[in-house]
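Q: Could you take a close look at the aromatic rings for me, and then follow the thread outward from there? Please give the cut-off behind each term as you go.

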Amino acid sequence: MIIDVNVYLSRWPFRRLPHDTPDSLVRKLRFHGVEQAWAGSFDGLLHKDIANVNSRLVADCKQHGEGLLVPVGAVNPTLPDWQDDLRRCHEVHQMRAIRIHPNYHGYSLDSALCDELFQAAQDRRLIVQLVLAMEDVRVQHPLMRVAVVDTAPLAALVNKFPRLPLVIMNNSAAVRTGQASELAKVGNTFFELSHFESVGGLENWVKEVPVERILFGSYFPFFNLEAALLKFQESQLGGFATTTIQAGNAKDLVFDLHSQESP
Amino acid sequence: MQSTDRRSFLSTSAAGVVGCVVGAGNSNLAAVADDAPLANAPFRTSEHDAIWDLHCHFSGVTGDTVEQRAAKLLEYADRMYVQRLIFFMGWPWSYTPEPAEFRRQNDQVLGVLQRWPDRLLGFAYLNASFPDESLAEIERCIQNGPMVGVKLWVGRRCNTEDVDPLIRRCGELNALVFQHTYLKITGNLPGESTPQDLAELAARNSKVPLICGHCGADWTLGIRAVRQFPNVSVGISGSDPTAGFVEMAVRELGAERVLYGSDIGGRSFASQLAKVYGADITDAQRTLILGGNLRRMLKPIMDSKGMQQ
C-alpha cells in the first residue's frame with residue numbers, strides 16, 4: 001500500500017502535463033498501487049478566489065477519485081478574510097490538511113501572517129503542507145520567476161509551533177538532512193521524498209533523519225510518478241522503513257490528529 | 001489501526017527480517033538493509049531493457065579515489081539494471097581546466113576503464129579554450145586509447161568556429177561529441193553553451209553526430225532549438241523528472257534522437273530513468289532511448305577498437 005501525500009489536480013499554468021485530467025491521474029495512481037493520494041490544486045498558486053478553488057478540488061476528488069483522492073485545500077493568508085477559507089477547509093470540507101505556497105503568495109516564514117496562519121492551523125489541528133518550490137528556478141517562465149521559499153526562519157517557526165504537524169514538500173536542497181534531523185527533534189516535522197536527489201538519495205535521508213518523519217510523495221503529475229517509486233529500487237531499505245515511508249507514517253499522522261481531538 | 005499496534009506488528013514481521021530498530025530518536029542505520037530484497041520496490045526497471053547510461057560522474061558518493069567511488073556507483077547501477085555507464089571528467093572537477101588539469105581528470109577515467117572494461121566507457125574531457133592541447137588529448141585518449149567520445153562542458157561556448165577542428169577530428173574517429181547545454185533564466189556561466197549555440201555548431205558540422213547534453217534543461221526550448229538538425233541527438237540527463245520531456249522529444253525529434261543518461265551522482269538513477277519509464281511511449285521507443293540508440297551510435301568506434309557491445 002502506498003499513500004502519496006503530494007499530488008496536484010487541475011492545470012499547471014505553463015504547459016499541459018501528461019495525466020493532468022483527474023480520470024487519467026487516478027488511473028495511473030491506481031495502476032501503481034497508490035491507495036490514497038493527498039491532492040492539492042495547481043489553481044491554488046495564482047487564483048484569488050481560493051474558496052472556489054477548494055470547492056472544485058473537493059468536487060473533483062469526489063467525482064473522479066472517491067476513496068483515493070483526499071483533498072488538501074489551499075490557503076493564502078495575504079487575501080482578505082483568508083480565515084474563512086481555512087474555516088471552510090476544516091468545517092465545510094472536513095479536510096485534515098492544507099497546502100501553502102508562501103513564495104507564490106508573497107509572504108515569508110518569519111512574517112506575522114505566517115505566524116497567524118500556523119496558529120490558526122494548530123488550533124484546528126490541521127496538517128500544514130509547506131511547499132518550498134514548484135519548479136527549478138533556472139527554467140522558469142521569464143515573466144513568472146518565483147524564488148524557492150527562504151527556509152532560514154524555519155527553525156524558529158517550528159520552535160514556536162512544536163505540536164503543529166508540518167510537512168516539508170518539494171525540498172530539493174533548501175533543507176538538508178542535518179537541518180531536517182534537528183527540525184524533527186524539535187517539532188512535529190515531516191519530509192516528503194519527491195525531491196530527494198543524488199544517487200541513493202532516499203537511503204541517505206533514512207540514515208540521517210528519523211524514518212518515522214519521511215513520507216512518500218511523488219509530486220505527480222508535474223513529476224513522473226515513477227521517479228518516487230524507483231527510489232525504493234535504488235535505495236536499499238529494510239522492510240520496516242519501506243512500509244512506514246510508503247504508507248505507515250502518513251497513516252499515523254492522520255491517526256494522531258484523530259486521537260488528539262476533543263472528546 | 002493504532003500506530004503502536006502497527007509498529008508492533010511490523011517489528012515482528014518485515015522489520016525483523018532486516019533487524020530494523022523501531023522508534024524515533026534511534027539511529028536509522030538499521031533501517032538501511034545490506035541485503036533487503038528488491039521486492040520492496042513498488043515499481044522496478046527491467047533487466048531485459050539493456051540500459052546504457054550516457055552521463056556519469058564520480059560525485060554523490062564517498063571514496064578517497066575514483067576507483068572507490070566508481071565501485072560504489074556500480075552497486076547502485078546493479079540495483080537499477082544499468083549495464084554500461086559512460087564516465088567523463090574526474091574528481092574533483094573544474095569548470096575551466098587548463099590542459100594539465102583535464103589530462104589529470106582523463107587519467108582518472110582511464111584508470112577506471114582499465115579496471116571495469118566490460119562495464120564502463122569513457123569520454124575525454126576537453127576545454128575548447130585550448131584547441132591544440134584538446135586535439136592532442138583526442139589523440140591520446142581516443143585514437144591511441146580506449147575512450148569513445150568527448151565531453152565539452154563550460155570552458156568555451158560551442159558556437160565559436162575554434163571548436164570545429166575538434167569536432168572534425170571526432171567525426172573522423174567516429175567519436176561521439178557530448179556538449180553540455182543549459183538555458184538558465186538566472187544566467188548562464190560565461191563559457192556555458194545553449195542549445196542554440198549547439199545548433200550553430202551542428203549547421204557547420206552536419207556530418208558529425210552531436211549530443212545536446214541536458215537538452216538545455218529547459219527542454220521545451222532545447223528540443224525546438226535543435227529540431228532542424230538531424231545530426232543532433234538530445235541527452236535527457238541532469239534535470240528534474242518533469243513529466244512530458246521524453247514525450248515531446250519523441251514527438252518532435254523521433255525516438256532515434258533521444259538518449260537516456262542520468263548525470264549521477266548529483267542526480268539519481270531513479271529520477272532520470274523515470275523520465276523514460278514514466279513516458280507515454282511505445283516499448284520499442286523506450287528500448288531505443290534506454291540504450292539502443294547509444295549502442296547504434298557507438299558501434300562504429302567500438303568495432304574499430306575491438307570492443308564488444
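A: Happy to. Ring pairs join A:Y8, A:W12, A:F14, A:F42, A:Y219, A:F222 and A:F223 into a cluster. The model is predicted, so local features need pLDDT of at least 70 and side-chain atom pairs count only at pLDDT 80 or more, while totals for chains, interfaces and linings use all residues. Residues are numbered from 1 along each chain as its sequence is written, chains are lettered from A and ligands numbered from 1 in the order in which they are written, and side-chain values use heavy atoms, leaving out hydrogens and water.

Two rings of Phe, Tyr or Trp (its six-membered ring) pair if their centres lie within 6.5 Å; planes under 30 degrees apart are stacked, over 60 edge-to-face, and the rest tilted. By this rule there are 20 aromatic pairs over all chains. One of them is A:W12 with A:F42, edge-to-face at 5.7 Å centre to centre and 65° between the planes. A:W12 sits in the loop between strand 1 (2-9) and helix 1 (22-31) of chain A, and A:F42 in the loop between strand 2 (34-41) and helix 2 (43-46) of chain A, so this pair ties together parts that are 30 residues apart in sequence. Here helices (H or I, at least four residues) and strands (E, at least two) are DSSP runs, numbered from the N terminus. Both A:W12 and A:F42 are buried, meaning under 20% relative accessible area (exposed is over 50%, partly exposed in between; 1.4 Å probe, protein chains only).

In the pair of A:Y219 and A:F223, the ring centres are 5.1 Å apart and the planes meet at 70°, so this pair is edge-to-face. Both A:Y219 and A:F223 are buried.

A histidine leads on from these two rings. A:H195 touches A:Y219 and A:F223, as well as A:N170, A:N171 and A:S172, leaving aside residues up to four places away in sequence; contact here means heavy atoms within 4.5 Å. A:H195 is itself buried, at a relative accessible area of 7%, and its place is in the loop between strand 8 (189-192) and helix 9 of chain A.

Rings also meet charges. A:R213 lies over the face of A:F190, 5.3 Å from the ring centre, and in chain B the partner of B:Y182 is B:K184, over its face at 5.1 Å from the ring centre. The rule asks for NZ of Lys or CZ of Arg within 6 Å of the ring centre and within 35 degrees of the ring normal.

Helix 9 of chain A brings us to the interface. The contact takes 53 residues from chain A and 66 from chain B. Two salt bridges are counted between chain A and chain B, each a side-chain nitrogen of Lys or Arg within 4 Å of a carboxyl oxygen of Asp or Glu. In one salt bridge, the side chains of B:R79 and A:E203 meet at 2.8 Å, N to O. On the side of chain A that touches chain B, helix 9 (201-208), helix 10 (225-234) and helix 11 (239-260) of chain A each supply at least two residues. Helix 11 of chain A gives the largest share of that side, 12 residues. Together, chain A and chain B bury about 5000 Å², 58% of it on carbon and sulfur atoms, where buried area is the accessible area (1.4 Å probe) that two parts lose on being put together, summed over both.
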